[in-house]
Structure formats: structure tokens, C-alpha cells
Amino acid sequence: MNDIKIPKDLDARITDAMNYFWNTRNGQIAKKNLLGVKDQGNRGAVTGGKQLDGFVQLIADILLMNGISGKNIYINQNLELPGYYRPNKKWDLLVIDKGELIIAIEFKSQIGPSFGNNFNNRTEEAMGTALDLWTAYREGVFGAKKAPWIGYFMILEDCKRSNEPVKIHSSHFPVLDEFNGTSYKERYEIFCNKLLLERQYSAVCFSTTSLIDTCVKYDFPKENLSFQSFITSMLGTVIAHFMDWMC
């Protein structure tokens, strides 16, 4: 178990997961429209869930191929973790071993046209989730000998609106220089980097994607926020944990 194993067809698997994301999202919108339900800003696709299940399954498969037992991996049920500021929170993927939290991953996405409010919501959610979990860990909630590995996975639509510079209104104090003249894509990059800098998450994956006609494209703009970096960090932690138990 001490050698990290990565699927040889990883790029193809990521492409399949991204296609699943778009197909599921568009299917949810079509279903809403068929039922005559209109959602502002395509909220039906936001609240429908399951769009990122392709990535959840891919990461679960990578864990399995690295020797992690399926009984330790949770992706479909029993995903709630207790918090400190709230009773519990449902995650998207967990690895738990002998009553100890090893891995917890949150998957999120944002598709236009409403980037402004949704950006604020996503950042507040991510920061609040991290604060709640780490405080609960400090209080001994998860029975961990070592700190768990916490991952944040974010997909953003790559389109004109998400790449345009956004005006900033701050009536009383100047904003930080790095935010001036930035687009929402750049703001997400800044945000994800700061989550790592402040150690709010053990690793962060940030991807941009677009759907033009039937052609799905995607990119990982920053190397330290790439899928490869994300899973390498995750596997290093989880393999080290199980090796310790074997010794």
C-alpha cells in the first residue's frame, strides 16, 4: 500500500465525469421545464444534486485501487458528520476507519448566469464548513489520533460572464489589491489558494468547464489546485494512516 496508484486512463475518467456533470445538470433543467417549474438562475440544476457524482465515484475508485477497503468509504449514505456550531453536516465522501475520521470531501459547482450572489454563498459555505469541522475536531468529536484530511472540490463554468472583470463597491474601506479588476474565475482562484494558505482545507481542486453545443471542455488553471495534486495529497494521508495501523 506504500506506492500511490493513479489510473492510467485518468484524463479519460475526468472527461467522463465532466460529461456526466453537464448531462445531469441539463437533464435536471429539462425535467423542471417539462413540469412547468421555472427557477430563477437555473436553480433547479443547483438544488437537484448528483451532478458531481462522477467525480465522487472516480475518487472512490482511486481509493479502492490503492487498497482502501470499500467498507471504509462512504459515498451514498451515512455521510453526516457532527459539528460544533450546528448538530451535523452532510458531506459527499468520507473515509472512516475504526471510529476515526480520515477523509472528508465537499463537492461544489457554480454555473451562470448568476455569479455574484452565488460566489458569496459558495465562499461563505466553504469557510463555515471548515470552521465547524476543525472546531469539532479540536473538541474531540471525531476520535482522531491525527487531524483528518479535508478536501474541497469546486467546478466553475468557463464563460464570458465568469471571465469579465467585476466592479467592486466598498464605501468605507479599500478592498485588498489582489481583488481589483478580477473576474469571478480569478476570484475563485484567489479564494481556493487562500483556503490552502490558511490551512482551512488540506487540499483544494478547482476546475473550469464549458459546454458548447455538445462539446465539453475543462481545465485546471492552477497546478496546485489540479486534480492530480488533490488526489496525491489525499492518497498520501490515507495510505499513511492504514500503514500505521498495519505496523
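**Cores, helix packing and a few single residues**

Leu64 is partly exposed, with 42% relative accessible area. This leucine sits in helix H3 of a model that is predicted. Leaving out neighbours within four places in sequence, Leu64 is in contact with Ser69, Gly70 and Ile73. Lys5 is 59 residues away from Leu64 in sequence, yet the two C-alpha atoms are 9.9 Å apart in space.

Stepping back to the whole chain, there are seven helices and eight strands. Of the 247 residues, 44% are buried. The accessible surface adds up to about 13,300 Å², and carbon and sulfur atoms own 50% of that. As for contacts with a separation of 6 or more, 64% of them link residues that are 24 or more positions apart.

Now for the inside. In soluble globular proteins, nonpolar side chains tend to be buried together. Here, the largest nonpolar core has 39 residues, and the ones with the most contacts inside it are Phe55, Leu63, Leu93, Val95, Phe227 and Val238. Helices H1 (10-34), H3 (53-65) and H7 (227-246) each supply at least two residues of this core, and so do strands E4 (93-97), E5 (100-110), E6 (149-157) and E7 (203-212). H7 gives the largest share, eight residues. Leu63 is a handy place to see the core up close: not counting residues up to four places away in sequence, Leu63 touches Ile68, Ile73, Leu93, Val95, Met234, Leu235 and Val238. Apart from this core lies another one, of 28 residues, with Leu94, Ala104, Tyr152 and Val204 among them.

Ile150, in strand E6, is worth a look too. With a relative accessible area of 1%, Ile150 is buried. Setting aside neighbours within four places in sequence, Ile150 is in contact with Trp91, Ala104, Leu133, Trp134, Tyr201, Ser202 and Ala203. Gln200 is 50 residues from Ile150 along the sequence, while their C-alpha atoms are 8.2 Å apart.

Next come two helices that pack against each other. Helix H4 (residues 116-138) and helix H6 (residues 184-197) have axes 12 Å apart, at an angle of about 5°. Angles under 35 degrees count as roughly parallel, and H4 and H6 are therefore roughly parallel to each other. On the H4 side, the residues that meet H6 are Gly116, Asn118, Phe119, Arg122, Thr123, Ala126 and Met127. Their partners in H6 are Tyr184, Arg187, Tyr188, Phe191 and Leu195. Sorted by class, this contact of H4 with H6 has seven nonpolar, three polar and two charged residues.

The loops have their own stories. Glu164 has its place in the loop between helix H5 (160-163) and H6, and at 31% relative accessibility it counts as partly exposed. Not counting residues up to four places away in sequence, Glu164 touches Thr182, Ser183 and Tyr184. The C-alpha atoms of Glu164 and Ser183 are separated by 5.0 Å, although these residues are 19 apart along the chain.

Pro221 is found in the loop between strand E8 (215-219) and H7. At 25% relative accessibility, Pro221 counts as partly exposed. Beyond residues up to four places away in sequence, Pro221 touches Lys185, Glu189, Phe206 and Thr208. The last of these contacts, Thr208, is 13 residues from Pro221 in sequence and 7.5 Å away in space, C-alpha to C-alpha.

Finally, there are a couple of backbone oddities. Asn78 has a phi near 55°, a positive value in a residue other than glycine. This asparagine lies in the loop between strand E1 (73-74) and strand E2 (80-82). Exposed means over 50% relative accessible area, and Asn78, at 52%, is exposed. Lys98 has a positive phi as well, about 50°, although it is not a glycine. Lys98 is found in the loop between E4 and E5, and with 60% relative accessibility it counts as exposed.

Notes. Residues numbered from 1 in each chain as written. Predicted model: local features only at pLDDT ≥ 70, side-chain atom pairs only at ≥ 80, totals over all residues. Heavy atoms only, no water. Core = buried A, V, L, I, M, F, W, Y, C linked by side-chain atoms within 4.5 Å. Buried < 20%, exposed > 50% of the residue type's maximum accessible area, 1.4 Å probe, protein only. Helix = DSSP H or I, 4+ residues; strand = E, 2+ residues; numbered from the N terminus. Contact = heavy atoms within 4.5 Å. Areas by Shrake-Rupley, 256 points an atom, 1.4 Å probe, with all protein chains shown as cover. Axes fitted to C-alpha atoms, helices over the stretch in contact; angles between N-to-C directions. Parallel < 35°, antiparallel > 145°, perpendicular 65-115°, else oblique. Nonpolar A, V, L, I, M, F, W, Y, C, P; charged D, E, K, R; others polar.
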